[in-house]
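Q: Before we look at particular features, could you show me how to read a model of this kind, beginning with its surface?

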Amino acid sequence: MNRKKKVKETLLKKHKKMNSKIHRSNKPRYISKAERAKMEAEAAAENQQVPEETATKEQSENSAESDE
């Protein structure tokens, strides 16, 4: 009886391992609190730079239109 049980257990373990490799989780990767804060800070800094650049472009376009 023990021998049958042992064989069955080993086969089940192999089957479970193969199944787990096939069916990967669709969960997103965990991002720590510190990483999230860092990403938010970078995004905020990027957002501050973009309006300044667009403002200078708009001013240069407006001055070009007024020159005409």
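A: Accessible areas come from the Shrake-Rupley method with a 1.4 Å probe. In this predicted model, the accessible surface of the chain comes to about 7300 Å², and carbon and sulfur atoms hold 54% of that area.

Q: How many of the residues count as buried, and which elements of secondary structure does the chain have?

A: Buried means under 20% relative accessible area, and by that cut-off 0% of the 68 residues of the chain are buried. The chain has two helices and zero strands.

Q: What span should α1 have, and does α1 lie in the open or under cover?

A: Helix α1 has 21 residues, which at 1.5 Å a residue should span 30 Å, and this agrees with its end C-alpha atoms, which are 30 Å apart. Because the number of buried residues in α1 is zero, this helix lies largely in the open.

Q: Where does K13 lie, and which surface patch does it help to form?

A: An α-helix has 3.6 residues a turn, so residues three or four places apart point the same way. K13 lies in helix α1, which covers residues 2-22, and together with K6, K17, K21 and R24 it forms a positive surface patch. K13 counts as exposed because its relative accessibility is 58%, where the cut-off for exposed is over 50%.

Q: Which residue forms a salt bridge with E35, and how exposed are the two partners?

A: The structure holds one salt bridge, in which E35 pairs with R29, their closest N and O atoms being 4.0 Å apart. With a relative accessible area of 36%, E35 is partly exposed, whereas R29, at 63% relative accessibility, counts as exposed.

Key. Residues are numbered from 1 along each chain as its sequence is written. This is a predicted model: local features need pLDDT of at least 70, side-chain atom pairs count only at pLDDT 80 or more; totals for chains, interfaces and linings use all residues. Side-chain values use heavy atoms; hydrogens and water are left out. Patches are made of residues with over 30% relative accessible area and no salt bridge: like charges are joined within 9 Å, nonpolar side chains (Val, Leu, Ile, Met, Phe, Trp, Tyr) within 5 Å. A salt bridge is a side-chain nitrogen of Lys or Arg within 4 Å of a carboxyl oxygen of Asp or Glu. Lys and Arg count as positive and Asp and Glu as negative; His and the chain ends are not counted. The place of a charge is taken as NZ of Lys, CZ of Arg, CG of Asp or CD of Glu. Helices (H or I, at least four residues) and strands (E, at least two) are DSSP runs, numbered from the N terminus. Buried means under 20% relative accessible area, exposed over 50%, partly exposed in between (1.4 Å probe, protein chains only). The expected span of a helix is 1.5 Å times one less than its number of residues.
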